Amino acid sequence: MKFLVCISNVPDTTTKITFTPDNKEFNKAGVQFVINPWDEYALTRAIELKEAQGAGTVTVLNVGEADTEPNIRKALAIGADDAIRVNAHPKDAFFVAQQIASIAKDGGYDVILMGKESIDYNGFQVHGMVGELLGIPTVAPAMKLDMSGNTATLEREIEGGKEIVEVNTPFVASCQQPMCEPRIPNMRGIMTARTKPLKVVEPTGDAARTEVAAFALPPQKQGVKLIPAESAGELIKLLRNEAKVI
């Protein structure tokens, strides 16, 4: 069975966010990038399923420029067999989905996995677009994934509970906890990752359909105002005129 796992390169969760002077781009200066944490669930589960079956391949796919390769190599060190990098800036969700769909179609992959969203934009869009472009089912967000032959059983989160579904390959699934315990690379994995294939291809399809007008940081938190219990009228006035919540 052929697994395709899509990973994003995102700022570490401790990063202090700043923007370029025109507020149209994220300022990468001094930022440590990591594999998107949600994608690590997809990667680890694909490796576990391949190991359980005793055969198959796990290919990592990233849409990004050359600076993403250290994290691609980390994914290979965790246990992926090979990697593909689409040499393009991930301009918007549809652009990324087009690249994934093109690679998936050409490669004949059985299972396409990714995190439910990236922690930088939290879009929750790409998996559905990929499934639509390929004309195959999409299950999102999946908390559990088991395989029996060409049939997958997935448990996904729904409002107020969970839903268990069965689907035949090929399909797309976006992953979240508690699907598995994400793995970390060991020394042997780090050494073997250096020689695993990493293929670089040029992008295909249409240009991005959206562009950023401007980024803005959320307003700074204001100081706390303490209102005496007997001054309910003043509290109501502040909630209405300053906080504008009533």
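**Backbone geometry, helices and a pocket in a predicted model**

Pro178 is placed in the loop between β10 and α5. In this model, which is predicted, the peptide bond joining Gln177 to Pro178 is cis, with omega at about 5 degrees. A cis bond also runs from Ala140 to Pro141, where omega is near -15 degrees. Pro141 belongs to strand β7, which covers residues 138-148. Most peptide bonds, by contrast, are trans.

Pro141 is also among the contacts of Ser174, a residue of strand β10 (residues 171-175). With residues up to four places away in sequence set aside, Ser174 touches Met114, Gly115, Lys116, His127, Val139, Ala140, Pro141 and Ala142. Both residues of the cis bond between Ala140 and Pro141 therefore appear in this list, and Ser174 counts as buried because its relative accessible area is 0%, below the cut-off of 20%.

The protein as a whole comprises 246 residues, of which 41% count as buried. Its secondary structure consists of six helices and 11 strands. Taken along the principal axes, the C-alpha atoms fill a box of roughly 70 × 45 × 40 Å. The exposed surface comes to about 14,000 Å², and carbon and sulfur atoms supply 52% of that area. Among contacts with a separation of 6 or more, 68% are between residues 24 or more positions apart.

Helix α1 spans residues 37-53. Its 17 residues should extend over 24 Å at 1.5 Å a residue, and the C-alpha atoms at its ends are 25 Å apart, in agreement with that expectation. The helix is mostly covered, with 12 of its 17 residues buried. The buried set consists of Trp38, Asp39, Glu40, Tyr41, Ala42, Leu43, Thr44, Arg45, Ala46, Ile47, Leu49 and Lys50. After α1 comes Gly54, which has a positive phi near 75 degrees.

Helix α3 comprises 15 residues, 93-107. The distance from its first C-alpha to its last is 21 Å, close to the 21 Å expected at 1.5 Å a residue. Because 11 of its 15 residues are buried, α3 is largely enclosed by the rest of the structure. The buried residues are Ala93, Phe94, Phe95, Val96, Ala97, Gln98, Gln99, Ile100, Ala101, Ile103 and Ala104. They pack against the strands β1 (2-6), β4 (57-64), β5 (82-87), β6 and β11, and against helix α4. Gly108 follows α3 and has a positive phi, near 60 degrees.

Positive phi values are also found outside glycine. Most residues other than glycine have a negative phi. Phe124 departs from this pattern, with phi near 55 degrees. Phe124 lies in the loop between β6 (111-115) and α4 (126-134), and its relative accessibility of 38% makes it partly exposed, since that value falls between the limits of 20% and 50%. Lys244 likewise has a positive phi, of about 55 degrees, although it is not a glycine. Lys244 is located in the segment after α6 (232-241). With a relative accessible area of 65%, Lys244 is exposed.

Glu202 occupies the loop between β11 (198-201) and α6. A relative accessible area of 53% places Glu202 in the exposed class, because the value is over 50%. Apart from neighbours within four places in sequence, Glu202 is in contact with Val86 and Asn87. The C-alpha atoms of Glu202 and Val63 are separated by 9.8 Å, although the two residues are 139 residues apart along the chain.

The second largest pocket has a volume of about 180 Å³. It is lined by 14 residues, and those closest to its centre are Ala77, Ile78, Gly79, Arg188 and Gly189. Helices α2 (69-78) and α5 (187-193) each supply at least two residues of this lining. By residue class, the lining divides into six nonpolar, four polar and four charged residues.

Technical notes:
Residues are numbered from 1 along each chain as its sequence is written. This is a predicted model: local features need pLDDT of at least 70, side-chain atom pairs count only at pLDDT 80 or more; totals for chains, interfaces and linings use all residues. Side-chain values use heavy atoms; hydrogens and water are left out. On a 1 Å grid over the protein atoms alone, a cavity is a set of points where a 1.4 Å probe fits but cannot get out, and a pocket is an open set with protein on both sides within 12 Å along at least five of seven lines; lining residues have an atom within 4 Å of a point. Grid points are joined across faces, edges and corners, and a volume is the space filled by probe spheres set on the points. Helices (H or I, at least four residues) and strands (E, at least two) are DSSP runs, numbered from the N terminus. Ala, Val, Leu, Ile, Met, Phe, Trp, Tyr, Cys and Pro count as nonpolar, Asp, Glu, Lys and Arg as charged, and the others, Gly among them, as polar. The expected span of a helix is 1.5 Å times one less than its number of residues. Buried means under 20% relative accessible area, exposed over 50%, partly exposed in between (1.4 Å probe, protein chains only). Contact means heavy atoms within 4.5 Å. Accessible areas come from the Shrake-Rupley method with a 1.4 Å probe; for residues, only the protein chains shown count as cover.
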